[in-house]
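Colleague: I would like a close look at one part of this model. Please keep it brisk.

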Amino acid sequence: MPSRKQIREALKDIVEGRIVKRAKHDLRWQLGDVSSDFIDVLQEQGYLAMLVKDAEVKPGERAPAFYIDNATAFFGWIFWEKFTSLKLRKLFGSVVRNSKGDWAIQIPPQRKTVIYANMILKTEMDIDNPSGF
């Protein structure tokens, strides 16, 4: 059985996304929920709890984020989706897609859902092609 340190290292691999692809991750180990350990690792790696509306992301930028629901972590981005040159919306969109090819998890700024985002890792993106994540 892995030690708590080994479990936290595996969780760190998920957060960093270098060894493990960041997507949808079950946060249960055997009969236990390691969500609180995952949140600790997120915070150690610079991810802060916030609402989408509070994320300082401008159109043309994206910030990595995790949404945790019922012992499942979903990786995605906070970004601005462009519909027309005058109509934009800010949201968290998961990298996991639904059957239509859209973001399986979408969290708009008016929702009071806590996500964990890292503003230091914010990058530029093509606002005309957000599905190119």
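Colleague: How many bridges join strand 1 to strand 6, and do they run parallel or antiparallel? Then take me through strand 6, its neighbours and its rings.

Modeller: Bear in mind that this is a predicted model. Three bridges join strand 1 (residues 24–26) to strand 6, and the two run antiparallel. His 25 has Ala 73 of strand 6 as its bridge partner.

Strand 6 covers residues 72–82. Nine of its eleven residues are buried.

Next, strand 5. Residues 61–69 form this strand, and it pairs with strand 6 in the antiparallel sense over eight bridges. Pro 64 stands opposite Trp 77 of strand 6. The hairpin of these two strands has two residues between them, and Asn 70 there takes a positive phi near 55°.

Then strand 7, residues 88–94. Seven bridges join it to strand 6, again antiparallel. Ile 78 has Phe 92 in strand 7 as its bridge partner. Five residues make the hairpin connection from strand 6 to strand 7.

Now the rings. The whole structure holds six aromatic pairs. In one of them, the ring centres of Phe 75 and Trp 77 are 5.3 Å apart, and the planes lie at 75°, so this pair is edge-to-face. Phe 75 counts as buried because its relative accessibility is 3%. Trp 77, at 10%, counts as buried too. Ring pairs link both residues into a cluster with Phe 38, Tyr 47 and Phe 66.

Trp 77 also has a charge over its ring: the charged end of Arg 62 sits 3.9 Å from the ring centre. Elsewhere, the charged end of Lys 87 sits over the ring of Phe 83, 5.4 Å from its centre.

Terms used: Residues are numbered from 1 along each chain as its sequence is written. This is a predicted model: local features need pLDDT of at least 70, side-chain atom pairs count only at pLDDT 80 or more; totals for chains, interfaces and linings use all residues. Side-chain values use heavy atoms; hydrogens and water are left out. Buried means under 20% relative accessible area, exposed over 50%, partly exposed in between (1.4 Å probe, protein chains only). Helices (H or I, at least four residues) and strands (E, at least two) are DSSP runs, numbered from the N terminus. Two strands pair if DSSP finds at least two bridges between them. Rings of Phe, Tyr and Trp (its six-membered ring) pair if their centres lie within 6.5 Å; planes under 30 degrees apart count as stacked, over 60 as edge-to-face and the rest as tilted. A charge sits over a ring if NZ of Lys or CZ of Arg is within 6 Å of the ring centre and within 35 degrees of the ring normal.
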